[in-house]
Amino acid sequence: MRRTRVEAGVGVVVVVALVALAAGSFQRHEEPSAQVRALSRTPAPSTIADRPEFRPLAGLPITGRTRLRLLVASDPRPFVVDLDQGSVQPVTGLPTDGERVVSVLAVGEHAVLVSEPMCSSCRPPGPEVYGIWRTSTSAVRLGSAQQVVAARDGRAVWLLGHQTTTACTLRQIRLDGRPRRPARPVSCTTKLLGELPGGMLVASGRSEDPWEWPTSLVDHHGHRTRLGFPAADLLAATGELVLTSAEPLSPLTLTNLHSRVSWRLSWPSRLRGGTHITAVHPNGRDIAVGFHGLAAPGQAGYDLWLLNTATRRWQHLPDLPAADIAAKATDMAWTGDGRLVVLTQTATGGQVVAVWRPGQPRLALRQIKLPTPSPGTDTLAIW
């Protein structure tokens, strides 16, 4: 679960971490041979000579075909990167007027894009939501909504939006814009967190900050079960399990929503700043968790661990932690065949894509040049 960059009213929830990307416009690029190149196996000199375990990001160069296409959010126009060809194509069909913030939400094999105008006087209907198929670079408008979450089967999205300034409705829309379920009234003080097999995970309350609202699971019959933690504590949800942490530095907790049994987990990383984003493996069992903190005074560090929710054991990703990765410029997602793809910005290597399959002894890296960077959270979907 991740806070999104885009919030209006009670907030647009893409279940991603809340980080704003820098605004910009699409620019022309160099040819692929100059645009995409392998990152050297030899790490750049570290500024942390007395702590050799914290070094700039290093790994083996990506070789062979990856068959990876990256949908990357950029303000106001996102783009699709073909990692093998080095090509960059802008996504068409989105508004480009004024200053906007764009975010990405993976929906099964496809995605939706949320475009929000940045203005203090903006009123409902709010951010615009667009569907995009994995074979296309043209977006289709789905409607306006304050909140968006993917349907559990990956074929539609739930949209919570204003019907009037004081009344809201919840709709389910297919990615081609056709309604899948009729709209029904809901309270505007409802925050969508994600759809699980047991129902919709939501938060509701009266405080000004929706992330402080307590969470509940609303089943398919409308029955509500209080879960006892605020929305801000939610890191990930998969099946009947939720992963939470009352930061900073609180132990992580894994809870079975059906049995209500909880397990306290160890804090696996040497970095003690807090957790960052999470990504659930397609198998529904493993969760990649990012950790951030200071590797040395004035030097940010980043770390990644894989949690097996069945055994409740951690696996450390190789070549980490790294001392030159900025958490706010990092996003990650799983491919359908079980590879973790991380898009990040490093101080020594610029923009980098890292690819790792569980069991591999090293990260595979490639340095890339993006149009209007600002890779960050809620930025990435993998095709």
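Okay, so let's start with A150 and who it touches. If we skip its neighbours within four places in sequence, A150 is in contact with L105, A106, V107, A156, V157, W158 and E195. One thing to keep in mind as you look: this is a predicted model.

Now, where does A150 live? You'll find A150 in strand β10, which covers residues 147-150. Here's another pair you can check on screen: A150 and V112 are 38 residues apart along the chain, and their C-alpha atoms are separated by 8.7 Å.

Let's zoom out to the sheet. How are the strands ordered? The sheet is open and made of four strands, in the order β10-β11-β12-β13, with antiparallel pairing. At the edges you have β10 and β13, the latter being residues 179-186, and each of these two pairs on one side only. If you ignore direction, neighbouring strands in this sheet are turned by 15° against each other on average. And a quick reminder for anyone new to this: strands of a sheet pair through backbone hydrogen bonds, and they can do that either parallel or antiparallel.

Take the middle of that sheet. β11, residues 156-162, pairs with β12, residues 168-174, in the antiparallel sense, and there are seven bridges between them. Remember A156 from the contacts of A150? A156 stands opposite R174 in β12.

Okay, moving along the chain to a hairpin. β24 and β25 form it, with four residues between them. In that turn, look at R312, which has a positive phi of about 60°. The two strands run antiparallel, and four bridges join β24 to β25, the strand at residues 313-316. One pairing to click on is L307, whose bridge partner in β25 is W314.

β24 also takes us to my last topic, the cavity. How many cavities of 30 Å³ or more does a search of the whole structure find? Just one. The volume of this largest cavity is about 100 Å³. There are 14 residues lining it, and the closest to its centre are L304, L320, V342, A354 and L363. Which strands each supply at least two residues of the lining? Those are β24 (299-308), β27 (340-346) and β28 (350-356).

And what kind of residues are they? By class, the lining has 12 nonpolar residues, two polar ones and no charged ones. So go ahead and rotate the model, and let's look at it together.

Methods
Residues are numbered from 1 along each chain as its sequence is written. This is a predicted model: local features need pLDDT of at least 70, side-chain atom pairs count only at pLDDT 80 or more; totals for chains, interfaces and linings use all residues. Side-chain values use heavy atoms; hydrogens and water are left out. On a 1 Å grid over the protein atoms alone, a cavity is a set of points where a 1.4 Å probe fits but cannot get out, and a pocket is an open set with protein on both sides within 12 Å along at least five of seven lines; lining residues have an atom within 4 Å of a point. Grid points are joined across faces, edges and corners, and a volume is the space filled by probe spheres set on the points. Ala, Val, Leu, Ile, Met, Phe, Trp, Tyr, Cys and Pro count as nonpolar, Asp, Glu, Lys and Arg as charged, and the others, Gly among them, as polar. Contact means heavy atoms within 4.5 Å. Two strands pair if DSSP finds at least two bridges between them. Axes are lines fitted to C-alpha atoms, for helices over the stretch in contact, and angles run from 0 to 180 degrees between N-to-C directions.
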